[in-house]
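Biologist: Hi, have you got a minute to go through this one with me? I have a handful of quick questions.

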Amino acid sequence: MNKLIVSPSPHLNSEITTAKIMSLVLAALSPAMVAAVVFFGARAAALIAVCTASSVVCEYFCRRIMKREQTINDLSAAVTGVILALNLPVTVPYWMAGLGSFIAVVIVKQLFGGIGRNFANPAVTARIVLMVSFTGYMTDWAVPQYWQAEGTSCFGALYHTADIITGPTPLVSGNASLTSLFLGNTGGCIGETSAAALLAGGIYLMVKKVITPAVPAAYLGTVALLTLISGGNVPHSLMSGGLFLGAFFMATDYTTSPVTEKGKIIFGAGCGIITFVIRKYGSYPEGVSFSILLMNILTPYIDRISENIPFGSRSEKKEV
Amino acid sequence: MFRLKSIILDHLKHTAGTEARMLPDPDKVLIPMSMHIGTPCEPVVKKGDHVLAGQKIGDSEAKMSVPVHASISGTVTDIKDYRLLNGKTCKAVEISSDGKHKTADCSPPEITDKASFLKAVRESGACGLGGAGFPVHIKLDLKKETDTLIINAAECEPYITSDYRQMVEKPDEVLGGIRLVMKYTGIAGTVIAIETNKPDVIEDFEKLTADIPEINVLKLPSVYPQGAEKVLVYSCTGRIVGEGEIPADQKVIVMNVSTVAFLYRYCCTGIPLISRRITVEGTAVKNPLNIFAPVGTMVKELLEFTGTDINDVRKLVAGGPMMGSCLMTADTPVVKTSNSFIADREYTEPVTTSCIRCGRCVRACSMNLMPLMIEKAFINRNTSELKRLRAGLCMNCGACTYVCPANRRLAETNQLAKELIR
């Protein structure tokens with residue numbers, strides 16, 4: 001007779017793995033990637049490819065140099081790369097996109113121990129570093145389907161971007177129609193303009209139970225409420241800028257947001273308040289990235305105050 | 001409807017449709033003296049004695065203990081030390097069959113009042129058949145006013161159908177047992193809690209209890225761990241069995257459906273607890289079955305009875321796939337609390353990766369614990385944090401480990417954490 005295997009219970013495991021979760025996130029991001037290419041052309045696809053590839057390469061070498069088990073197969077680096085790309089204007093140079101991936105994966109994620117250990121969202125932090133370092137590049141918003149105005153093809157800008165026609169983001173100008181905002185036919189980062197594509201991806205994530213509605217609902221709800229109170233245009237403020245991308249894909253990052261539903265609601269509401277304040281009073285047009293980063297830093301404290309109360313637990317006397 | 005957090009599992013109840021088969025008497029049985037929670041028995045027979053099925057072979061003076069009986073007739077060939085699944089050792093009596101299957105002179109016990117009922121319950125050797133093995137005469141010796149008897153027929157673990165087959169094959173035993181318990185303990189009302197994945201027995205019992213206002217059938221959603229005691233009490237009554245409490249503190253007692261059915265059988269026949277229904281399942285098992293087998297039968301014989309090639313088995317679990325314990329050998333005897341054995345052909349230990357703080361374990365825990373934080377505190381050996389997180393409330397249902405995408409062994413860590421703060 002064989003030697004029997006002895007292992008602790010349970011002897012069943014669900015099918016879900018980290019890699020499966022990340023592949024669901026990539027699937028949820030695909031409508032936004034398609035929208036990016038539709039509105040910003042082949043260069044958007046190239047940017048996504050550069051960010052994703054460089055993120056995975058950075059992760060690979062980091063793990064090798066640190067002599068840790070290889071983690072590129074969990075696809076988290078690919079997700080970081082795609083989200084970072086979606087946070088870039090189409091005009092940024094490729095080296096800058098690669099630098100962003102390096103910052104996200106090496107500095108923000110791997111130096112803190114890799115997946116699950118970083119305190120800040122890698123893509124958000126990388127975007128902020130690029131934003132404050134290269135403000136000009138990072139706020140140069142291309143006009144959607146700029147190649148039509150130039151009378152060239154969408155491949156025209158793959159190598160030089162100087163001729164791309166740019167305009168202000170609707171967050172600043174405030175003149176885009178709601179239909180354009182919904183579909184994504186406005187200026188902005190390549191992945192943030194199409195509210196429809198991001199909403200579809202967000203709903204997909206909720207249906208697949210990758211994320212719960214707590215963070216997006218609290219985040220969008222808070223922004224909507226504050227905009228309403230301040231007399232602003234609610235649909236416009238929700239759909240312009242990076243709010244949908246942030247609320248569905250960046251603020252919901254497991255590692256850098258609280259674990260309980262209560263905590264997630266506090267986190268989402270905090271993001272909403274900071275976003276609103278920066279947009280209304282700050283010197284930057286957009287506050288989504290900053291708000292998420294600030295709330296990331298508060299996450300351990302939110303975790304502490306939002307712990308679940310164990311079933312039937314007695315109130316505890318303070319131990320001296 | 002009261003509901004705690006839970007997870008949804010595949011039911012995998014492949015054996016539900018077939019009637020339990022009787023195992024022919026084995027040549028040899030090994031009966032451990034400790035099959036219940038409490039003090040182990042001391043053998044009252046010695047090597048060379050001839051015993052009859054149903055004859056008492058072990059007993060104890062201790063209150064928290066139930067006697068042990070021979071399950072076949074034959075000769076005591078050995079009394080040896082036996083290591084239980086929990087690692088403790090006790091004596092075990094080996095009986096070689098004489099092939100005659102002679103039953104001791106069993107007559108129905110005389111029951112007139114509560115005291116004689118409890119005495120009979122103790123003499124029957126009854127302990128909780130759902131898996132815990134708590135002595136029934138202790139549970140029924142109510143010290144506080146109790147208003148509800150909950151019959152646990154949830155059977156929430158995948159694969160296992162032995163309770164279900166009890167309800168299908170002998171529903172009268174279940175009702176008879178409930179009546180006995182109600183009569184002699186004075187409990188006024190009974191709830192039979194059945195998961196909705198057993199619609200036929202729900203219908204049967206609703207019909208059978210239609211004229212009995214004090215016995216009600218309650219349909220519960222088929223979620224895991226619905227049958228865990230605290231969860232069941234909350235689902236049925238909305239009462240919270242708090243930290244350090246037992247159900248009786250909330251005026252409730254919970255009994256497994258097969259346990260009450262056995263009490264009725266005993267009161268009718270006087271034959272003590274010497275055999276039981278066991279589900280034999282798993283990928284290595286050729287014909288999954290429920291088997292009525294004598295206590296002390298080797299698991300190997302159950303597997304052979306189902307036509308299983310013992311060489312195919314790589315993993316053998318006693319109990320359900322969520323909470324059961326692995327056996328080191330198929331030469332392990334069936335005990336009173338054995339409700340199922342699962343023999344699997346292959347098993348690959350899932351690879352553990354880093355916690356990504358997805359919160360699935362937190363959303364799965366019925367006890368509302370924070371398994372990922374307990375794990376962290378355990379790794380740091382932070383006992384005050386473990387106490388603050390109430391690691392002691394974990395009932396090892398395994399839901400957290402089941403849902404973890406990083407395959408972290410959270411339930412196991414919780415058990416170790418409990419030991420650390422004990």
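Biologist: Great. Where is the place of B:T413?
Modeller: B:T413 sits in helix 13 of chain B. Keep in mind that this is a predicted model.

Biologist: Is B:T413 buried or exposed?
Modeller: B:T413 counts as buried, with 12% relative accessibility. The cut-off for buried is under 20%.

Biologist: What does the side chain of B:T413 reach?
Modeller: The backbone oxygen of B:R409, at 2.9 Å. Beyond its neighbours within four places in sequence, B:T413 is in contact with B:E375 and B:F378.

Biologist: There's a threonine in chain A I'm curious about too. Where is A:T193?
Modeller: A:T193 is in a loop of chain A, between helix 9 (178-183) and helix 10 (195-207).

Biologist: And is A:T193 buried or exposed?
Modeller: A:T193 is buried, and its relative accessible area is 3%. A polar atom of its side chain lies 3.0 Å from the backbone oxygen of A:G184.

Biologist: Which residues is A:T193 in contact with, leaving aside its neighbours within four places in sequence?
Modeller: The list is A:F39, A:F40, A:L181, A:G184, A:T186, A:G187 and A:G188. So A:G184 appears both there and as the partner of the polar side-chain atom, with A:T193 itself buried at 3%.

Biologist: Nice. Changing topic: how many residues does the contact take from chain B and chain A?
Modeller: Chain B gives 67 residues and chain A gives 46. Between them the chains bury about 4800 Å², with 53% of that on carbon and sulfur atoms.

Biologist: Which residues in chain B lose the most area to chain A?
Modeller: Those are B:R314, B:I356 and B:R357, which together account for 15% of what the chain B side buries.

Biologist: How many salt bridges are there across the interface?
Modeller: Four, by the rule applied here. A:E261 and B:R363 form a salt bridge through their side chains, at 3.9 Å from N to O. There are also 22 residue pairs in polar contact across the interface of chain B and chain A.

Biologist: Which elements of chain B supply at least two residues of the side that touches chain A?
Modeller: Among them are helix 6 (229-237), strand 15 (315-318), helix 9 (360-364) and helix 13 (410-421). That last one is where B:T413 is found.

Biologist: How do the residues on that side of chain B divide?
Modeller: The side of chain B that touches chain A has 35 nonpolar, 15 polar and 17 charged residues.

Biologist: On to the packing. Which residues of the largest nonpolar core touch the most other members?
Modeller: A:L86, A:I190, A:Y219 and A:F249, out of 83 residues in that core. Helix 1 of chain A (residues 18-40) provides the largest share of this core, 13 residues.

Biologist: What is A:L86 in contact with, leaving aside its neighbours within four places in sequence?
Modeller: The contacts of A:L86 include A:L29, A:A32, A:M33 and A:A36, as well as A:I190 and A:L245. Another core, of 42 residues, lies apart from the largest one, and B:A153, B:M182, B:I215 and B:I253 are among its members.

Biologist: What about helix 1 of chain B: which of its residues are buried?
Modeller: B:S116, B:F117, B:L118, B:A120, B:V121 and B:R122. They pack against strand 5 (56-59), helix 2 (136-140), helix 4 (171-185) and helix 7 (257-269) of chain B. After this helix comes B:G125, with a positive phi near 80°.

Biologist: Now the backbone oddities. Which residue has a positive phi of about 70° although it is not a glycine?
Modeller: That's A:L75, in the loop between helix 2 (42-65) and helix 3 (76-86) of chain A. A:L75 is partly exposed, at 27% relative accessible area. In chain B, B:N407 also has a positive phi, near 55°, and B:N407 is buried at 12%. Its place is the loop between helix 12 and helix 13.

Biologist: Why are those worth a look?
Modeller: Because most residues other than glycine have a negative phi, and most peptide bonds are trans.

Biologist: Where is there a cis peptide bond, then?
Modeller: One joins A:S9 and A:P10, with omega about -5°, and A:P10 lies in the segment before helix 1 of chain A. The bond from B:Y224 to B:P225 is cis as well, with omega near 0°. B:P225 is in the loop between strand 11 (215-220) and helix 6 of chain B.

Methods. Residues numbered from 1 in each chain as written. Chains lettered and ligands numbered in written order. Heavy atoms only, no water. Helix = DSSP H or I, 4+ residues; strand = E, 2+ residues; numbered from the N terminus. Buried < 20%, exposed > 50% of the residue type's maximum accessible area, 1.4 Å probe, protein only. Polar contact = N/O pair within 3.5 Å; in protein donor to acceptor, adjacent residues only side chain to side chain. Contact = heavy atoms within 4.5 Å. Buried area = accessible area lost by both parts, 1.4 Å probe. Nonpolar A, V, L, I, M, F, W, Y, C, P; charged D, E, K, R; others polar. Core = buried A, V, L, I, M, F, W, Y, C linked by side-chain atoms within 4.5 Å.
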